Amino acid sequence: MNENLNRGVFMTNNYKIAIIGGTGKVGRHIAAAALRKGYQVRMLVRNPRKLDGQDDRIEILQGNVENRDHIRQLLQDCDVVVNAFGQPPGDVPLYSSVTSIVLKVMNELEISRYIGVTGGSLTLEGDRKRFTNKVGALLFRIFFPAMIKDKQKEAAIIQQYCNIEWTLIRLPFVVEGAESGAIKVNLTDMPGLKISNQDIASFIVRQAAEAKYIHKAPFIAT
Ligand SMILES: NC(=O)c1ccc[n+]([C@@H]2O[C@H](COP(=O)([O-])OP(=O)(O)OC[C@H]3O[C@@H](n4cnc5c(N)ncnc54)[C@H](OP(=O)(O)O)[C@@H]3O)[C@@H](O)[C@H]2O)c1
């Protein structure tokens, strides 16, 4: 698979995608988008009842992201990991610890492709955010200091994993809605104010087969 990604050759459709956060606002359309592309899907969920009515081709694993054994079971035999884990902003943030476990288990299982999501307020070296987006990021740092600090830590951890083909997607405000097909991507600043979760799902699933944003943290919006 490494070779395929590095050469930009599209993956065959029998790859399996592991999804964390697939019942959340951001993640809830990823499994369906992956199935439409012919991928196999395994999802970690705390409460399988939330999935009533979902496609029965989705392999469901009941568990918790804080449990390393559950992550191991989720990732076993998978080729791509999608991490759309999320928490209410006021909770003690677990982003960096969850992602750290996921990346360690990926290394153990020799899985190379990781696609994660985070907020557009995350600022990384090389960004050239316009004034309004700088103010937005500042407000997030003021109102949710623990969460933003932990998301910065998560990004730093991801960037250390040079052997993993990671992509960290930075999102604006996420709305429930249909796919527009008009996603703007920018590597240094947020190109819009919002995006629908179906646009996110299709962008994420495309990344499973593309090498363009490996080792990058693109902002996406519509
Ligand atoms: N929503 C936005 O507007 C927005 C904007 C920018 C960035 N983001 C980022 O996108 C990511 C996802 O956010 P979201 O809004 O989709 O969050 P969300 O709606 O709260 O969904 C969180 C997901 O994580 C799962 N989860 C939480 N704790 C878990 C645990 N202990 N074990 C297993 N699964 C667990 C939830 O599963 P359950 O079904 O079990 O609860 C759910 O699938 C976050 O990084 C967030 O910062 C979101």
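In this predicted model, helix α4 (residues 95-109) and helix α6 (residues 145-160) pack against each other, their axes coming within 8 Å and crossing at roughly 20°. Because angles under 35 degrees count as roughly parallel, α4 and α6 are roughly parallel to each other. The crossing in which α4 passes α6 is right-handed. On the side of α4, the contact is made by Tyr-95, Ser-96, Thr-99, Ser-100 and Leu-103, while α6 contributes Met-147, Asp-150, Lys-151, Lys-153, Glu-154, Ile-157 and Ile-158.

Helix α6 also packs with α5 (131-143), and here the axes are 5 Å apart and the angle is about 115°. That angle makes α5 roughly perpendicular to α6, since the range for this description runs from 65 to 115 degrees. The residues that meet are Phe-140, Arg-141, Ile-142 and Phe-143 in α5 and Pro-145, Met-147 and Ile-148 in α6. Met-147 of α6 is thus named in the contact with α5 and also in the contact with α4.

The strands are taken up next, beginning with β5. Strand β5 covers residues 113-119, and six of its seven residues are buried, which leaves the strand mostly covered. β5 pairs in the parallel sense with strand β4 (residues 80-83) over four bridges, and in this pairing Val-81 has Tyr-114 of β5 as its bridge partner. Between these two strands the chain runs from β4 through helix α4 to β5, and this β-α-β crossover is right-handed. β5 also pairs with strand β6 (residues 165-171), again in the parallel sense, over seven bridges, and there the bridge partner of Arg-113 is Glu-165 in β6.

Glu-165 appears in a further relation, this time with a residue of strand β4. Val-80 is found in β4, and with a relative accessibility of 0% it counts as buried. Although Val-80 and Glu-165 are 85 residues apart along the chain, their C-alpha atoms are separated by 9.7 Å.

Another pair of residues distant in sequence involves Ser-121, which is placed in the loop between β5 and α5. Ser-121 has 13% relative accessibility and therefore counts as buried, the cut-off for that term being under 20%. Leaving aside residues up to four places away in sequence, Ser-121 touches Lys-129, Ala-137, Phe-140 and Ile-148. Of these, Phe-140 and Ile-148 are also named where α5 and α6 meet. From C-alpha to C-alpha, Ser-121 lies 9.9 Å from Phe-219, and the two are 98 residues apart in sequence.

Two loop residues have a positive phi although neither is a glycine: Asp-77, with a value near 65°, and Glu-110, with a value of about 55°. Asp-77 lies in the loop between α3 (68-75) and β4, whereas Glu-110 has its place in the loop between α4 and β5. With 58% relative accessibility Asp-77 counts as exposed, and Glu-110 likewise counts as exposed at 74%, because the cut-off for that term is over 50%.

The accessibility values of the residues discussed here are gathered below.

| Residue | Relative accessibility | Class |
|---|---|---|
| Asp-77 | 58% | exposed |
| Val-80 | 0% | buried |
| Glu-110 | 74% | exposed |
| Ser-121 | 13% | buried |

Notes. Residues numbered from 1 in each chain as written. Predicted model: local features only at pLDDT ≥ 70, side-chain atom pairs only at ≥ 80, totals over all residues. Heavy atoms only, no water. Buried < 20%, exposed > 50% of the residue type's maximum accessible area, 1.4 Å probe, protein only. Pairing = 2+ DSSP bridges. Right-handed = clockwise from strand over helix to strand, strands pointing away. Axes fitted to C-alpha atoms, helices over the stretch in contact; angles between N-to-C directions. Parallel < 35°, antiparallel > 145°, perpendicular 65-115°, else oblique. Left-handed = near helix turned anticlockwise from the far one by under 90°. Contact = heavy atoms within 4.5 Å.
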